[in-house]
Amino acid sequence: MSIIQFLRIVWAYRTLIILSTVACTILGVLTVELVKPRYEAQSRVMLDVIKPDPVTGQVMATAFLRAYTKTQIELVKDLQVARLVAEDLNWDKDPALQRAYRNRKGTQQDLEFDRWAAEIIMKGANAKLIEGSNILEISYSSSSPERAKQVADGLRKAYIDMTLQSRREAARRNAEWYEQQAQKSKAIL
């Protein structure tokens, strides 16, 4: 095939080529104009899975490590964490969100505001473990870059608060159990 034959083929299909180019350009411009932009913000947390337990000295096994990280990822997207974020960001005082709450439709009619706000956060939230590390990357997607950053940072803070609260509670229970064991040992002695 020579260059002349190629040009004859292009010339024969010139109408189809021009129409396809114009149609794609129009669709591209419409897409850019109509689709809302999405912004994603990330925040990172280091998971303490490599350190040995301070009481027992045991290190987490690989099988339990997968379950642990999956649990932590799901905890980031949990309703309690999302409610803490909405509360910390004072979404109940935001007029735009109050207006959106009043204008909601469908299956969300019977939801309270805090549950409705938490579901918005849960829909945009995501978390993943960065491959080859013990860093948990928390991300949030929103149509506003400021809101995406606020919520991603809020998710990190709420996740850390929930984790610390859980660890404190477990440590308190362990301390009570050890105290009971010490009292029993004292009584036996």
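Is Asn90 buried, partly exposed or exposed? Asn90 is partly exposed, with a relative accessible area of 40%; buried means under 20% relative accessible area, exposed means over 50%, and partly exposed lies in between, with a 1.4 Å probe and protein chains only. The structure is a predicted model, in which local features need pLDDT of at least 70 and side-chain atom pairs count only at pLDDT 80 or more, while totals for chains, interfaces and linings use all residues. Residues are numbered from 1 along each chain as its sequence is written, and side-chain values use heavy atoms, with hydrogens and water left out.

Asn90 lies in the loop between α4 and α5. Helices (H or I, at least four residues) and strands (E, at least two) are DSSP runs, numbered from the N terminus. Phi of Asn90 is positive, near 55°, and Asn90 is not a glycine. Most residues other than glycine have a negative phi.

Helix α4 comes just before Asn90. At its N-terminal end, Asp78 acts as a cap, with a side-chain oxygen 3.3 Å from the backbone nitrogen of Gln80. Such a polar contact is a pair of N or O atoms within 3.5 Å; within protein, one must be able to donate a hydrogen and the other to accept it, and residues adjacent in sequence count only if both atoms are side-chain atoms. The buried residues in α4 include Val81, Ala82, Val85 and Ala86. They cover an arc of only 135° around the axis, so they are on the same side of α4; the arc is that of the directions from the helix axis to the C-beta atoms. An α-helix has 3.6 residues a turn, so residues three or four places apart point the same way. Gln80 and Glu87, on the other side of α4, are exposed.

Next comes the interior. The largest nonpolar core has 30 residues. A nonpolar core is a set of buried Ala, Val, Leu, Ile, Met, Phe, Trp, Tyr and Cys residues joined through side-chain atoms within 4.5 Å. Trp91, Ile121, Leu136, Tyr140 and Leu155 have the most contacts inside this core. Helix α7 gives the most to the core, with seven residues. Leu155 touches Val76, Val81, Val85, Ile121, Ala125, Ile138, Ser139 and Tyr140, leaving aside residues up to four places away in sequence; contact means heavy atoms within 4.5 Å.

The aromatic rings are the next topic. The whole structure has four aromatic pairs. Rings of Phe, Tyr and Trp (its six-membered ring) pair if their centres lie within 6.5 Å; planes under 30 degrees apart count as stacked, over 60 as edge-to-face and the rest as tilted. Tyr101 and Phe113 form an edge-to-face pair, 5.2 Å centre to centre with 85° between the planes. This pair links Tyr101 in helix α5 (residues 95-102) to Phe113 in helix α6 (residues 113-124), twelve residues apart. Tyr101 is buried at a relative accessible area of 15%, and Phe113 is buried at 14%. Ring pairs join Tyr101, Phe113 and Trp116 into a cluster.

Arg104, in the loop between α5 and α6, meets Tyr101 in two ways. Arg104 lies over the face of Tyr101, 3.8 Å from the ring centre; a charge sits over a ring if NZ of Lys or CZ of Arg is within 6 Å of the ring centre and within 35 degrees of the ring normal. The Arg104 side chain also reaches the backbone oxygen of Tyr101 at 2.5 Å. Arg104 is buried, with a relative accessible area of 13%.
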